[in-house]
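User: Please take a close look at the salt bridges in this structure. Which side chains pair up, and are the partners buried or exposed?

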Amino acid sequence: MSGTRDTVNQLADFRLTKKLGEGGMGAVFKARQISMDRDVALKILPKHLAKDPNFVDRFYREARASAKLDHPNIVRGIAVGEDRGFHYFAMEYIDGESASRLLEQLGKFQVGDAVKIATDVARALEHAHAKGLVHRDIKPDNIMVTRDGVVKLADLGLTKETEQDSGLTQTGSGFGTPYYMAPEQARNAKHVDQRSDIYSLGATLYNMLTGCMPYEGETAMEVLSAKEQGSHAPARRHNPDVPEILDLVIDKMMAKDPSVRFQTASELVAALDKSGLAAATLSWVGQEFFRGPASGATRTATAVTAKTEVAGQRSVPTAPPAERYYIRYKDRRGELRKLSGDRHQIRDMIRKGLLTSDVQGAREPNGPFRPLMAFPEFSELVKSRFIKETSDKASGGMAQQIDRYDRE
């Protein structure tokens, strides 16, 4: 990692060992906490964002929120600070994957797995809400699942204390993610409460059960407008294994009027427990999710599809065929070009900055093409790229410095 004249491989008590990923709020590294001799996840706010007090405030707010919470289904915060101009936040290291990543592999979850994950997240919210905190960004990307099957709610960067407002929140600004965001949060994030988290968890549960979003649209505004105007299709229309009782629970979680929803996470936990649908253990526990990367390629899934009954015996899980995406963009000379790849390849290209936020994608070679932001599987990465592109334009020569940081 760079950003100063000398290469930085240690910040305060933490020795960096491996880059795990990158998002709109900076890079996350696997690091070794020297004093405690343990692995941690270390989030580092890039220096170009550290110049904006709003980003710094959000960064430290996540750390402060984590410090208030102590629950087996919430990623624990360990330490926060600044060293040589870098703001860092150390968290519990999770040996596993996000629910979003698992959905990429499986397409959708078995009913028992989806309900167990949703129930564990609801218990995490029950604890956070009791401490006066609203998460405001519940989605599969922020749900981690360890290899032992433990569910952990992560990323408290948008958390709001119910007794005070945040200077980051402005009228008409909803933050969060449009596909999972409650309608009232989109209208004005100042007015969210615990019922907004319940709505987002309902959309997440729907996505885990079906592999689809309850509301679609080519732009964020179209998605939010669809939420205001209509109702979503029942989950069992996409997945016949979903029982009607679970669709009714989802309907109540995602009611447009907050007063019709479950009023507390405790009520939701009780309803999910009463359904008896949650698996005791996630079905994939004990399986290897991934093969090791070959020739620098993105990791690919191994055991991924739900188990099925064949002639009275269980079949061996096999990987589903890779879905193809077709990308349309203009090269440096302004000529229109196309490329194709599977979901992992496209996501990897977005992360590396090979695809900018204005490119378009389609599921068929000849379209129809629409902005990559309209695809739930790419929207968060595209949003991160947009933030980075905007920051680069604003900071002029800072782009080269960030590139060096990324390479290191």
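Analyst: A salt bridge here is a side-chain nitrogen of Lys or Arg within 4 Å of a carboxyl oxygen of Asp or Glu. The model is predicted, and side-chain atom pairs count only at pLDDT 80 or more. By that criterion R32 and D39 form a salt bridge, with an N to O distance of 2.9 Å. Side chains of opposite charge can pair when their charged atoms come close.

Neither partner of this pair falls in the buried class, which means under 20% relative accessible area. R32 is partly exposed because its relative accessibility is 22%. D39 is likewise partly exposed, at a relative accessible area of 30%. The pair also belongs to a wider arrangement: a network of salt bridges links K30, R32, D37 and D39.

A second pair brings together E92 and K152, whose side chains meet in a salt bridge at 3.1 Å, N to O. This contact links distant parts of the chain, since E92 sits in strand β6 (residues 86–92) and K152 in strand β10 (residues 151–153), 60 residues apart. Both ends are covered: E92 counts as buried because its relative accessibility is 14%, and K152 is buried because its relative accessible area is 9%.

A third pair is formed within one helix. The side chains of D120 and K116 make a salt bridge in which the closest N and O atoms are 3.1 Å apart. Both residues lie in helix α4 (residues 111–130), and their spacing of 4 residues is about one turn of the helix. D120 is buried, with a relative accessible area of 8%. K116 is also buried, with a relative accessible area of 14%.

These pairs are part of a longer list, as the search of the whole structure finds 17 salt bridges. For the setting, the protein has 13 helices and 17 strands. Of its 408 residues, 48% count as buried, and E92 is one of the residues in that class, at 14% relative accessibility. Among contacts between residues at least 6 apart in sequence, 61% join residues at least 24 apart. The pairing of E92 with K152, 60 residues apart, links distant parts of the chain, while D120 and K116 are 4 residues apart in helix α4. The accessible surface of the protein comes to about 19200 Å², and carbon and sulfur atoms account for 49% of that area.

How values were computed
Residues are numbered from 1 along each chain as its sequence is written. This is a predicted model: local features need pLDDT of at least 70, side-chain atom pairs count only at pLDDT 80 or more; totals for chains, interfaces and linings use all residues. Side-chain values use heavy atoms; hydrogens and water are left out. Buried means under 20% relative accessible area, exposed over 50%, partly exposed in between (1.4 Å probe, protein chains only). Helices (H or I, at least four residues) and strands (E, at least two) are DSSP runs, numbered from the N terminus. Contact means heavy atoms within 4.5 Å. Accessible areas come from the Shrake-Rupley method with a 1.4 Å probe; for residues, only the protein chains shown count as cover.
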